[in-house]
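Got your viewer open and a selection box ready? Let's take a short walk through one part of this model, one selection at a time.

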Amino acid sequence: MLESVAAGPWIYAAVAVSVLLDVFLPVLPSGVLVITAATVAATGSGSLLALTLCAATASLLGDLVAYRLAWRGRSRLHRLVARSRRLTTAQERLGAALARGGGVLVVIARFAPAGRSVVSLGAGAARRRAGQFLPWSALAGVAWASYSVALGYFGGRWLGATWTGVAVSVVALFLAGALAAYLIRRSPAPSRGEVPAPARAAAVPPPAVATAPPRTAVPPRPTPPPHQVPAPAP
């Protein structure tokens, strides 16, 4: 029964659509679909590499769409985020982490429940450069897809292509999400008085350069009058 549900080429399309929309609807069971397809692929009915590439590509495309939408409509998003203290704190931590080059937070948040949504929308609303966000988003998609496929594969190899194997793999995926959420909460939040590095650099005046005192103009010495020789008497 499990093979009849998860076998066939249509499962790749279902995985791609679910992972793509997961950034807007975190309730979609995208991880369960990936694990189920990988469990069946462990029996030889599918390609693990194609499944991993499909899930990772859809994850990156979903993040990119959410990033661009939040970039354009950041005023509305800011008003929505301001209503929730948790979302506000998460956005502040994300901004501070990306400003310090801490893109590892993007990878960790991919495993946390709704963490992908907060990161992608927060990066777009904060107008973070694409070069700061997209490479880490791609790495996060590959890491999440590889982990999910590995869970399904080893679950299918050890427990067989059964619903028990899928259930055990899904529990392992949720445990990874709980650990990721704990690490995000433990990450230090930026202080209210913290000034970003560019602002600090602009606020500090440049060091004074020692200059020699200006030379005072020396008045020219008066030329002594020429020695006058008295004219001879007539």
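What follows is a tour of some helices and the places where they touch. Keep in mind that this is a predicted model.

**Stop 1: helix H9.** Select residues 130-159, which make up H9. This helix has 30 residues and reaches 42 Å from its first C-alpha to its last, close to the 44 Å expected at 1.5 Å a residue. Now colour its buried residues: Phe133, Ser137, Ala140, Gly141, Trp144, Ala145, Ser148, Val149, Leu151, Gly152, Gly155 and Gly156. What covers them? The cover includes H2 (10-21), H3, H4, H7 (104-109), H8 (115-125) and H10. We'll visit some of these next.

**Stop 2: helix H3.** Add residues 30-41 to get H3. It has 12 residues and reaches 16 Å from first C-alpha to last, close to the 16 Å expected at 1.5 Å a residue. Is H3 mostly enclosed or open? Of its 12 residues, 10 are buried, so H3 is largely enclosed by the rest of the structure. Among those buried are Val34, Ile35, Thr36 and Val40.

**Stop 3: where H3 meets H9.** Keep both helices on screen and look along the spot where they cross. Their axes come within 7 Å, at roughly 45°, and the two are therefore oblique to each other. The crossing is right-handed. To see the contact, show side chains for Ser30, Gly31, Val34, Ile35, Ala38 and Thr39 on the H3 side, and for Trp144, Ser148, Val149, Leu151, Gly152, Tyr153 and Gly156 on the H9 side. Sort these contact residues by type and you get seven nonpolar, six polar and no charged.

**Stop 4: where H10 meets H9.** Hide H3 and bring up residues 163-186, which are H10. H9 and H10 pack at an angle of about 145°, with their axes 8 Å apart, and this crossing is right-handed. From H9, pick Trp144, Tyr147, Ser148, Leu151, Gly152, Gly155 and Leu159; from H10, pick Thr164, Gly165, Val168, Ser169, Ala172, Leu173 and Ala176. The residues of this contact divide into eight nonpolar, six polar and no charged.

**Stop 5: one residue, Thr52.** Last, click on Thr52, which sits in H4 (residues 48-72). Buried or exposed? Thr52 counts as buried, because its relative accessibility is 15%, and the cut-off for buried is under 20%. Which residues does Thr52 touch, leaving aside its neighbours within four places in sequence? Select Ala145, Ser146 and Val149 and you have its contacts. Of these, Ala145 and Val149 were on the list of buried residues in H9, where our tour began.

Technical notes
Residues numbered from 1 in each chain as written. Predicted model: local features only at pLDDT ≥ 70, side-chain atom pairs only at ≥ 80, totals over all residues. Heavy atoms only, no water. Axes fitted to C-alpha atoms, helices over the stretch in contact; angles between N-to-C directions. Helix = DSSP H or I, 4+ residues; strand = E, 2+ residues; numbered from the N terminus. Parallel < 35°, antiparallel > 145°, perpendicular 65-115°, else oblique. Left-handed = near helix turned anticlockwise from the far one by under 90°. Contact = heavy atoms within 4.5 Å. Nonpolar A, V, L, I, M, F, W, Y, C, P; charged D, E, K, R; others polar. Expected span 1.5 Å × (residues − 1). Buried < 20%, exposed > 50% of the residue type's maximum accessible area, 1.4 Å probe, protein only.
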